[in-house]
Amino acid sequence: MEKKVILVTGGSGLVGKGIEKVLETEKQEGETWIFLSSKDGNLMSESATEAIFEKYKPTHVIHLAALVGGLFANMKANNDFFRNNMKMNDNILAMSHKHKVKKVVSCLSTCIFPDKTTYPIDETMVHNGPPHQSNYGYSYAKRMIDILNRSYHEQYGCQFTSVVPCNVFGPHDNFNIEHGHVIPGLINKAYQATKNGTAFEVWGTGSPLRQFIYSSDLAKLFIWVMREYEEIEPIILSTDIEVSIKDVANMVAEAAEYKGEVKFLTEKSDGQYKKTASNAKLRRYLPQFQFTPLDVAIKDTVKWFYDNYETARR
């Protein structure tokens, strides 16, 4: 049995915790998994990154770590988001090459796709035009992972690849109302509305459509990519269905047992109407994969948030 040492950067975040949970039942013989957090070293430093590789001697790497922020943080600091993510990604891939890591799977984001595009978006369209102006620094840094993967493969034969998940949510998410993503933000709003006896307020009309993936489903797919997926080109990890923000808000209200008014603040911006990502490539590989139904995943996440309210990121 081949011995594998799998290093997960950003291992204490939403996706890392999802992978850790799935491995409780799906770990294979000969695999050692190491989950890093920011306390283990600064990945923007080449020497600190090298020290981590020398300490753990990984054979495989799942690269989840990134400097992330909400819309306004990105708009204020595109240069920081570009430079810091570029440093981190370059260090991880350079050390993986230097230390003869057999495979690296990096995490991209749907925000890398061109702002002006046709839908559904697919893996061939990553570099077809500039990303949205608001977070171009972060988006271009993520795109450069694909460039590095291709050039390391062409020049050195490295097996470096990447995945592009749709909107991920679940336990250990960031539930901050200002800076969190849609579902965790709504869950916290529903909690506050229930506690304070106030209206459950949702920004916008509720009409935009989004694809959401539960963190444990994404974790299973990440593990599959690490073990089985042989292409260098990215693969989109997305669900089969789009759902409106209004339907999501109603699922959150039901899971939180909120009985008051769900109020849509229609004067607030809706953002893009849709960002449909095609999972045709994923389905060619895994036609039978079953995603957790969205209402069930939301119910589980609400329960986790309520049970861990004091320690949850919010």
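Me: In this predicted model, what share of the contacts between residues at least 6 apart in sequence join residues at least 24 apart?
Reply: That share is 80% in the protein chain. A contact here needs heavy atoms within 4.5 Å.

Me: What makes the protein chain count as compact as a globular protein of its length?
Reply: Set the radius of gyration against the globule rule: the chain comes out at 19 Å, and the rule gives 20 Å for 314 residues. Those two are close, so the chain is as compact as a globular protein of that length. The C-alpha trace spans about 60 × 40 × 40 Å along its principal axes.

Me: And what is the chain built from, in terms of helices and strands?
Reply: You'll find 10 helices and 12 strands. As for burial, 52% of the 314 residues are buried.

Me: Why is glutamate 50 called buried?
Reply: Its relative accessibility is 16%, and buried means under 20%. The value falls below the cut-off, so glutamate 50 counts as buried.

Me: Where does glutamate 50 sit, and what does it touch?
Reply: Glutamate 50 belongs to helix H2, residues 46-56. Leaving aside residues up to four places away in sequence, glutamate 50 touches Met95, Lys98 and His99.

Me: How do you know that cysteine 111 is in no disulfide?
Reply: A disulfide needs two cysteine sulfur atoms within 2.5 Å. For cysteine 111, the nearest cysteine sulfur belongs to cysteine 107 and is 10 Å away, so the pair fails the cut-off. For the whole model, the count is zero disulfides.

Me: Why is cysteine 111 called partly exposed, while cysteine 158 is called buried?
Reply: Cysteine 111 has 21% relative accessibility, and partly exposed runs between the 20% and 50% limits, so that label fits cysteine 111. Cysteine 158 has a relative accessible area of 9%; that is under 20%, so cysteine 158 is buried.

Me: Switching to the second largest pocket, how much space lies in it, and which residues are closest to its centre?
Reply: About 220 Å³. Of the 15 lining residues, Lys17, Gly18, Lys21, Pro171 and Ser216 are closest to the centre.

Me: Which helix gives the largest share of that lining?
Reply: H1 does, with nine residues. Helix H1 (14-26) and helix H7 (215-228) each supply at least two residues of this lining.

Me: What makes up the lining of the second largest pocket, by residue class?
Reply: Six lining residues are charged, five polar and four nonpolar. Gly counts as polar, and Lys as charged.

Terms used
Residues numbered from 1 in each chain as written. Predicted model: local features only at pLDDT ≥ 70, side-chain atom pairs only at ≥ 80, totals over all residues. Heavy atoms only, no water. Helix = DSSP H or I, 4+ residues; strand = E, 2+ residues; numbered from the N terminus. Buried < 20%, exposed > 50% of the residue type's maximum accessible area, 1.4 Å probe, protein only. 1 Å grid on protein atoms, 1.4 Å probe; cavity = no way out; pocket = protein on both sides within 12 Å on 5 of 7 lines; lining within 4 Å. Points joined across faces, edges and corners; volume = space filled by probe spheres on them. Rg over C-alpha atoms; globule rule 2.2 N^0.38 Å.
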